Amino acid sequence: MSGILTYALHYEGAFNNNSLGAVSEGARLAKEIGGEAAVMVVGGEDLTDELCASLGGYGAGKVYRASAPEGLAQPVIDAMAKVVGEEGYSYALFGGGLLGFEIGAGLTARLNAGVTMEVTAVNAQDGRLVAERPILQDTAIVDVEYVGDPGIIIGRLNAFDVAAPGEERAEVVDVDVQLAEHSTRAVMVKRGEQRGADVNIEDADLLVAGGRGLGKSEGFDLCEELAGALGGAVAATRAVVDAGWYPYAAQIGQTGKTVAPKLYLAAGISGAIQHKVGMQGSENIVAINKDPNAPIFEYSDLGVVGDLNKILPKLTEAIKAHKNGSG
Amino acid sequence: MKICVLVKEVPDAAVEKRIDPATKRLDRSGEKNLNPFDTHAIEAAMQIKEGGAIEVEDIVAVTMGPGSAARALHKAVSLGADRSVHLSDDALADSDVCATGYALAKVLESESPDLVLLGQQSDDGECYTIGAVLADHLKMPSLTQVIKIDVVEGRLRCERQAEYGYDTVDLTLPAVISVGDAINEPRYPSLKAIMGAKKKPLDTKAIADAGIELDRVGSQGSRTSVLAINPPPEKEPGEIIEDEDTTETVAKIVSWLDERKLLA
């Protein structure tokens, strides 16, 4: 049977938006290659019949449910390897995100399968799937096909659009999975811990985002003053959040938030792909960076090459003056 | 215990990257260097050793690549590894993720490490999935993007950012861990360490030495095939201002923002 098995991540009784995009994409592609669209879910009691069946609204025909520890990749690898092996799915599909990468990679080894990652689009050609994958900091796009079954497709964060949910319900099938011995040797001690202040960056129209180029955590004072003058909020890259300069709740990108404000002003952000995927939907992108070769200048609408410590304070004053003058 | 640190040579960031149109593979010629992400993995190994909570007898740098990759190993031993293993064979050229993971796993199997450490992300090829691939081959528990490792009662307590916040996960050894660059600040090698690096053992292996099956590596062992390479969609280039006179620069930014009604 030629079909697609998509992994859907959930937490506290709700599916991850990025996973819903992958489920929607899996359903669309399965239709094109004439196969079944199935979904794998792994977790505990919050995976109710109703929650699992609701994936039918995004196009899934069947949902395989396995009871195993949540938030870790290896139990999911065991479950998906079993279902792909027994049911003969031709492709395994993942939305972007940390777990999807780990599960997809592990399945590659388990099933001796081809894998593509950071995929931005998938096309059906003669009943087979071809993945489009940007490489070299998005300076080229390769079209990749798979040799033999199955093929593993790991999408880039937000690459797949979430379909408008319908009323259809999927069939829910319980799967009994025997975990591999090594899959039981990783134990979740604490999951989903929030660190630092709670800030809301997703609803802000204007964002000032700070990166490592600010030099030190005090550099964020300049961002906060500028955001205050603009009437916006402050966001941060993963690098500075991990370094403890700014709270996790403000983080943009691969494991953080996805934002699309009217203005995204990036201060001292070089602009790696993991950052880009979290903010590329912004209407206006302004980047200030001292390195003229920073990748962010390739996707900014206005780029300023210069020293943040000189530019940000003056910009804050100029915006205040402008607002006072016009108001 | 024994720690294997996987390292890789990558084109120097200062050298322009290109795809070879004939083979459709990344052109890996040009100035090469140790992958900067890998220095964090070596540093993590050194800190576990120096931390003293668990005894580390042997830190081994392992790489797969052409002859020039020995330079990355040399850098790795100057940063503290005790010895190095270089898997080098023409048959490995054009291996994809699936084939590369298999070959590296065979080399690691012969070392029987208690811990395998990797840098979070290769600077080229973007193959930051390799840690999870190796873990499945080696049947070891695994985590990627780890930013803190503590030895707690013989287990490794790891922290990382995941989809819903920070996760803390305990791994029982042997294990495979990919570390993020926030985990530490790598040390610089001393002159003495650089001079001493040449004396540390380097073991070069061909595929037969590692028990690697020929038909599972190279292009015949790869499970993906590149059909085409295309330029990305054209994007209108943005306006660039070089800051010479900051007052003038700021005035330009303000008027740019004002034109787009962002200062209302």
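Two strands are said to pair if DSSP finds at least two bridges between them. Keep that in mind as we walk through this predicted model, starting where one chain's strand meets the other's.

Strand β10 of chain A, residues 140-146, and strand β14 of chain B pair over six bridges, in the antiparallel sense. To find your place in this pairing, look for A:Val144, which stands opposite B:Val226 in β14(B).

Now let us step back to the whole meeting of the two chains. Here 65 residues of chain B are in contact with 78 residues of chain A. On the side of chain B that touches chain A, the elements giving two or more residues include α3 (97-111), α4, β9 (142-152), β14 (224-230) and α7 (246-259) of chain B. Helix α7(B) gives the most to that side, with nine residues. By class, the residues on this side of chain B are 31 nonpolar, 19 polar and 15 charged.

Finally, turn to a pair of helices. Helix α4 of chain A (residues 98-111) and helix α4 of chain B (residues 130-138) have axes that come within 7 Å and cross at roughly 45°. Angles from 35 to 65 degrees fall outside the parallel and perpendicular ranges, and α4(A) and α4(B) are therefore oblique to each other. The crossing of α4(A) past α4(B) is right-handed. Among the residues making this contact are A:Glu102, A:Ala105 and A:Arg110 of α4(A), along with B:Val133, B:Asp136 and B:His137 of α4(B). Sorted by class, the contact of α4(A) with α4(B) has five nonpolar, three polar and three charged residues.

How values were computed:
Residues are numbered from 1 along each chain as its sequence is written. Chains are lettered from A and ligands numbered from 1 in the order in which they are written. This is a predicted model: local features need pLDDT of at least 70, side-chain atom pairs count only at pLDDT 80 or more; totals for chains, interfaces and linings use all residues. Axes are lines fitted to C-alpha atoms, for helices over the stretch in contact, and angles run from 0 to 180 degrees between N-to-C directions. Helices (H or I, at least four residues) and strands (E, at least two) are DSSP runs, numbered from the N terminus. Angles under 35 degrees count as roughly parallel, over 145 as roughly antiparallel, 65 to 115 as roughly perpendicular and the rest as oblique. A crossing is left-handed if the near helix is turned anticlockwise from the far one by less than a right angle, and right-handed if clockwise. Two residues are in contact if their C-beta atoms, placed from the backbone, lie within 7 Å. Ala, Val, Leu, Ile, Met, Phe, Trp, Tyr, Cys and Pro count as nonpolar, Asp, Glu, Lys and Arg as charged, and the others, Gly among them, as polar.
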